Amino acid sequence: MEECIFCKIIKGEIPCSKIYEDEKAMAFLDIAPINKGHALVIPKEHHETFEELPDELSKYLIEIVKKISIAVKKATNADGYNIGMNVGKAAGQLVFHAHWHIMPRFNDDGLKTWPQKEYEEGEMDKFKEQIVKFL
Ligand code: AMP
Ligand code: ZN
């Protein structure tokens, strides 16, 4: 936890382009943006992933994500934006301090969204049933 880069940013030990701060949350620009203005929203408390965030905190943070998204969109004149959260190494999470990405998007930015797959006959129902079991 000592090594967590986002905790260091919160403590002011590493500089960042801060755009928002309150008692529970912080937002700053991603150093390697998908498009310029790409922002990150983080809790001040260290939690590794989305799943570890206490519900009250994630509810609070999603309001901040919305507030920052609107500001990023206006400031960059974006046509839209993606909100994303990588959960786990397999999903591309590199920094294990939970964070939301807000990524401004432009009609002509040339970026693609997810590649998509197809279900075999009846497979979708099996996935549905499996998932519902865990709810
Ligand atoms: P993730 O892959 O979801 O864990 O994303 C981590 C993000 O943090 C990446 O998009 C990095 O570009 C960004 N990042 C890493 N270090 C810094 C930093 N010091 N300041 C701002 N953004 C950072
Ligand atoms: Zn941390």
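Read along the sequence, the chain of this predicted model follows the pattern α-β-β-β-α-β-β-α, and its secondary structure accordingly comes to three helices and five strands. Along the principal axes, the C-alpha trace spans about 55 × 40 × 25 Å. Of the 135 residues that make up the chain, 34% count as buried.

A zinc ion, ligand 2, is coordinated by four side chains, with the sulfur atoms SG of Cys4 and Cys7 and the ND1 atoms of His46 and His97 serving as donors at 2.0 to 2.3 Å. The angles that these four donor atoms subtend around the zinc ion run from 105 to 119°, and the arrangement is therefore tetrahedral. For four tetrahedral donors the ideal angle at a metal is 109.5 degrees. In sequence, the donor residues of the zinc ion are spaced C-x2-C-x38-H-x50-H. Cys4 lies in the segment before helix H1 (5-11), whereas His97 belongs to the loop between strand E4 (80-84) and strand E5 (100-105), so this pair ties together parts of the chain that are 93 residues apart in sequence. Both Cys4 and His97 are buried.

The other ligand, ligand 1, is surrounded by 16 residues, of which Asp30, Gly92, Leu94, His99 and His101 are the closest. Classified by residue type, the shell around ligand 1 divides into 10 nonpolar residues, five polar residues and one charged residue. Polar side-chain atoms of three residues can be placed relative to oxygen atoms of the ligand: for Asp30 the distance to an oxygen atom of ligand 1 is 2.4 Å, for His101 it is 2.8 Å, and for Asn86 it is 2.9 Å. Taken alone, ligand 1 exposes 510 Å², and 85% of that area is buried by the protein. The elements that give two or more residues to the shell around ligand 1 are H1 and strand E2 (25-29), and the largest share, three residues, comes from H1. Helix H1 thus appears in the description of both ligands, since Cys4, a donor to the zinc ion, lies in the segment before this helix.

His99, one of the residues closest to ligand 1, lies in the loop between E4 and E5, the loop that also holds the zinc donor His97. With a relative accessible area of 6%, His99 falls under the 20% limit for a buried residue and is therefore counted as buried. A polar atom of the His99 side chain lies 2.7 Å from the backbone oxygen of His97, and the side chain of His99 also makes a polar contact, at 3.4 Å, with the side chain of His101. His99 is thereby linked on the one hand to a residue that coordinates the zinc ion, through the backbone oxygen of His97, and on the other hand to His101, which is itself among the residues closest to ligand 1.

A further feature of the backbone is found at Asn77, which has a positive phi of about 55° although this residue is not a glycine. Asn77 lies in the loop between helix H2 (55-76) and E4. The relative accessible area of Asn77 is 63%, which is over the 50% limit, and Asn77 is therefore classed as exposed, in contrast to His99, which is buried.

Definitions and conventions. Residues numbered from 1 in each chain as written. Chains lettered and ligands numbered in written order. Predicted model: local features only at pLDDT ≥ 70, side-chain atom pairs only at ≥ 80, totals over all residues. Heavy atoms only, no water. Donors = N, O, S within 2.8 Å, 3.2 Å for Na, K, Ca; no water. Tetrahedral: all angles 85-135°; square planar, octahedral: opposite > 155°, others 65-115°. Helix = DSSP H or I, 4+ residues; strand = E, 2+ residues; numbered from the N terminus. Buried < 20%, exposed > 50% of the residue type's maximum accessible area, 1.4 Å probe, protein only. Near = heavy atom within 4 Å. Polar contact = N/O pair within 3.5 Å; in protein donor to acceptor, adjacent residues only side chain to side chain. Areas by Shrake-Rupley, 256 points an atom, 1.4 Å probe, with all protein chains shown as cover. Nonpolar A, V, L, I, M, F, W, Y, C, P; charged D, E, K, R; others polar.
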